[in-house]
Amino acid sequence: QFRSFDIKGEGGVFTPNKIIARVGDTVHVNFTAVDKDYDIVFPSYNMTQNAKKGQTKVLEFQAVSEGSFLYYCQACGGENGTATGHVVVANK
């Protein structure tokens with residue numbers, strides 16, 4: 001199944017900070033940097049995208065295994081910063 005999400009970087013945080021998909025889903029993310037430049041890193045999927053203030057960038061990946069997978073903004077403090085979230089992948 002195709003699942004589309006909008007993640008915004010604004011005020012030093014990501015909204016939403018949790019997105020939910022199922023194993024086998026194609027996950028499509030529209031990533032928007034609202035108030036400054038942001039990056040978004042999905043280490044479990046080996047993906048990074050940078051967006052300048054006002055830009056929207058697209059990331060797409062296959063949810064292949066069940067679990068909770070961190071995403072974060074490296075420029076905002078990385079894994080321990082304020083701009084973090086999780087992709088929760090549930091079994092079918």
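How many disulfides does the count come to by the distance rule? I started my notebook with that, keeping in mind that this is a predicted model.

**Entry 1: the disulfide**

The count comes to 1 disulfide. I looked up its partners and found C73 and C76, with their sulfur atoms 2.5 Å apart. That value is worth a second glance, because the rule asks for sulfur atoms within 2.5 Å. Next I checked the handedness. The torsion about the S-S bond of C73 and C76 is about 60°, so this disulfide is right-handed. I also asked myself whether C73 and C76 are buried or exposed. Both C73 and C76 turn out to be buried.

**Entry 2: the open sheet**

Now for the strands. I traced an open sheet of 4 strands, and I wrote down its order as β2-β1-β4-β7, with mixed pairing. Which strands stand at the edges? They are β2 (13–15) and β7 (56–62). Each of these has a single partner strand, so one side of each is left without a neighbour in the sheet. I noted the twist too: from one strand to the next it averages 25°.

Then I went through the pairings of β4. Strand β1 (residues 2–10) and strand β4 (residues 26–33) pair in the parallel sense, over 8 bridges. Between β4 and β7 I found 7 bridges, and these two strands run antiparallel. To get my bearings, I picked out some facing residues. R3 stands opposite V27 in β4, and S4 stands opposite H28 in β4. On the β7 pairing, T32 stands opposite T56.

How covered is β4? Mostly: 7 of its 8 residues are buried.

**Entry 3: N30, a residue within β4**

I stayed with β4 and clicked on N30, which has its place in that strand. Which side chains does the side chain of N30 make polar contacts with? One is the side chain of D6, at 3.0 Å. Another is the side chain of H28, at 3.2 Å. So that I would see the wider surroundings, I set aside the neighbours within four places in sequence; N30 is then in contact with S4, F5, D6, I7, T56, K57 and V58. D6 is on my list twice, once as a polar contact of N30 and once among the contacts of N30.

**Entry 4: D25, in the loop before β4**

Where does D25 lie? I found D25 in the loop between β3 (18–22) and β4. Its relative accessible area is 4%. Buried means under 20%, so D25 counts as buried.

I then looked at what the side chain of D25 reaches. A polar contact of 2.4 Å joins it to the side chain of R3. A polar atom of the D25 side chain also lies 2.7 Å from the backbone nitrogen of R22. Leaving aside neighbours within four places in sequence, I listed Q1, R3, F61, Q62 and A63 as the residues in contact with D25. I had met R3 already, standing opposite V27 in β4.

**Entry 5: the aromatic rings**

How many aromatic pairs does the count come to? The answer is 7. I took one pair to look at in detail: Y45 and F69. Their ring centres are 5.6 Å apart and their planes stand at 65°, so the pair is edge-to-face. The cut-off for that name is an angle over 60 degrees.

The pair links distant parts of the chain, with the two positions 24 residues apart in numbering terms: Y45 is in the loop between β5 (38–42) and β6 (47–51), while F69 is in strand β8 (residues 67–72). Both Y45 and F69 are buried. I then zoomed out and found that F14, F31, Y38, F42, Y45, F61, F69 and Y71 form one aromatic cluster. F61 was familiar, as it is among the contacts of D25.

**Entry 6: two backbone oddities**

I saved the backbone for the end. Most residues other than glycine have a negative phi, and most peptide bonds are trans. With that in mind, I looked up two places.

The peptide bond from T15 to P16 is cis, with omega near -5°. P16 is found in the loop between β2 and β3.

N46 has a positive phi of about 55°, although it is not a glycine. I located N46 in the loop between β5 and β6. Is N46 buried or exposed? N46 is exposed, with a relative accessible area of 74%.

Notes: Residues are numbered from 1 along each chain as its sequence is written. This is a predicted model: local features need pLDDT of at least 70, side-chain atom pairs count only at pLDDT 80 or more; totals for chains, interfaces and linings use all residues. Side-chain values use heavy atoms; hydrogens and water are left out. Rings of Phe, Tyr and Trp (its six-membered ring) pair if their centres lie within 6.5 Å; planes under 30 degrees apart count as stacked, over 60 as edge-to-face and the rest as tilted. Buried means under 20% relative accessible area, exposed over 50%, partly exposed in between (1.4 Å probe, protein chains only). Two strands pair if DSSP finds at least two bridges between them. Axes are lines fitted to C-alpha atoms, for helices over the stretch in contact, and angles run from 0 to 180 degrees between N-to-C directions. A polar contact is a pair of N or O atoms within 3.5 Å; within protein, one must be able to donate a hydrogen and the other to accept it, and residues adjacent in sequence count only if both atoms are side-chain atoms. Contact means heavy atoms within 4.5 Å.
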